[in-house]
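Got a new structure open and not sure where to start? Let's read it together, one feature at a time.

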Amino acid sequence: MRNMLKVAIASFALAAAAPAAAQYTFTQPGQQPQPIQAMQTWNNVARVNVGVGFYNSGWANCYGSYWSYYPVCSTGSYASYIPFLVGPQVDFNLSGMNNISVGFTVGFGTISSTYYDTLNVLQTQNKNVTLWEPTIDYVAKFGQATMDTVGRFRIGGGMYIGPNSTLGGAFRIGGGASFLSTNRLGVGVDLVLEGGGFNGYWIGGLQLLVSPEFHF
């Protein structure tokens, strides 16, 4: 009975000491054990977005009718724009899953547009255009900071600045993910939908982005 009691006491002592011992690494005899450092986590992200956009704009051609009081309108594609996109973006953590993201995207591409001339003849025009877009988004991130892959959802707005100081703006919504987010360097992917107006015309678009990321 006494031996069984000694075994029980020794087992209890070993069980109590195990969690504390797990915090230390093995060392050479005579050296003080060193605590194992916790995994580093990063709250903020700086990235360079690189990708492609797909934009189009609508137009309405209206004409009167002898048989109808209301004008008849037909709608078609006013313009299409498929630019190469590049620009910096930084996510600042506010608390928990909440982040504010600010960025600046530059689009390089050709606008292909159609219009009616003074003789009501449909014309086609191609023009190289650089479009500047500062953006600000709210970003919700999903997943623990210690996870290697973290998803995100964004909603916000952007401002379009085109040739000859033409202006516009758009509502933005999208989603994406960061990979290798427990490392200093990682990779991000995003899909962003945009809708708004530019130079007096409605415009809608889609951005597909891949970005090297720096976590800090």
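What follows is a chat between a learner and a teacher about a predicted model.

Q: Let's start with salt bridges. How many does a search of the whole structure find?
A: The general idea is that side chains of opposite charge can pair when their charged atoms come close. Here, the search turns up 10 salt bridges.

Q: Can we look at one? What is the distance between the closest N and O atoms of Arg47 and Glu213?
A: Those atoms are 3.1 Å apart, and the two residues form a salt bridge. The pair ties together distant parts of the chain: Arg47 belongs to strand 1 (residues 45-63) and Glu213 to strand 9, 166 residues apart.

Q: Is Glu213 buried or exposed?
A: Glu213 is buried, because its relative accessible area is 3% and buried means under 20%. Arg47 counts as buried too, at 3% relative accessibility.

Q: Which other side chain does Glu213 join in a polar contact of 3.3 Å?
A: That one is Arg152. Glu213 sits in strand 9 (residues 201-215). Leaving out residues up to four places away in sequence, Glu213 touches several others, including Val45, Ser178, Arg184 and Leu185.

Q: Which residue does Asp137 meet in a salt bridge of 2.8 Å?
A: Asp137 meets Arg172, with that distance taken from N to O. This pair also links distant parts of the chain, with Asp137 in strand 5 and Arg172 in strand 7, 35 residues apart. Both Asp137 and Arg172 are buried.

Q: And what about Arg172 and Glu133: how far apart are their closest N and O atoms?
A: They are 3.9 Å apart, and this pair forms a salt bridge as well. Arg172 in strand 7 and Glu133 in strand 5 are 39 residues apart along the chain. Glu133 is buried, just like Arg172.

Q: Which residues do salt bridges that share partners join into one network?
A: Here's the list: Arg47, Asp91, Glu133, Asp137, Lys141, Arg152, Arg154, Arg172, Asp190, Glu194 and Glu213.

Q: Now the nonpolar side chains. Which residues make up the largest nonpolar core?
A: Think of a core as buried nonpolar residues joined through their side chains. In this model the largest one has 8 residues: Tyr55, Tyr81, Val129, Leu131, Tyr160, Ala170, Phe198 and Ile203. Take Tyr81: among the residues it touches, beyond four places away in sequence, are Tyr55, Val129 and Leu131.

Q: What about the surface: how much accessible area does the nonpolar patch have together?
A: About 1000 Å², shared by a set of residues that includes Phe54, Met97, Tyr138, Phe153 and Leu191. Strand 5, strand 6, strand 7 (167-179) and strand 8 (185-198) are the elements that each give two or more residues to the patch.

Q: Leu191 is on that list. Where is its place?
A: Leu191 is in strand 8. Its relative accessible area is 39%, so Leu191 is partly exposed.

Q: One last stop, a loop. Where does Asp148 lie?
A: Asp148 lies between strand 5 (122-142) and strand 6 (149-161). With 37% relative accessibility, Asp148 counts as partly exposed.

Q: What does Asp148 touch, not counting residues up to four places away in sequence?
A: Asp148 touches Ser178, Phe179, Leu180, Ser181 and Thr182. The side chains of Asp148 and Thr182 are joined by a polar contact of 2.9 Å. As for Phe179, its C-alpha atom is separated from that of Asp148 by 6.0 Å, although the two are 31 residues apart along the chain.

Note on methods: Residues numbered from 1 in each chain as written. Predicted model: local features only at pLDDT ≥ 70, side-chain atom pairs only at ≥ 80, totals over all residues. Heavy atoms only, no water. Helix = DSSP H or I, 4+ residues; strand = E, 2+ residues; numbered from the N terminus. Buried < 20%, exposed > 50% of the residue type's maximum accessible area, 1.4 Å probe, protein only. Contact = heavy atoms within 4.5 Å. Polar contact = N/O pair within 3.5 Å; in protein donor to acceptor, adjacent residues only side chain to side chain. Core = buried A, V, L, I, M, F, W, Y, C linked by side-chain atoms within 4.5 Å. Patch = residues over 30% accessible without salt bridge, like charges linked within 9 Å, V, L, I, M, F, W, Y side chains within 5 Å. Areas by Shrake-Rupley, 256 points an atom, 1.4 Å probe, with all protein chains shown as cover. Salt bridge = Lys/Arg side-chain N within 4 Å of Asp/Glu carboxyl O.
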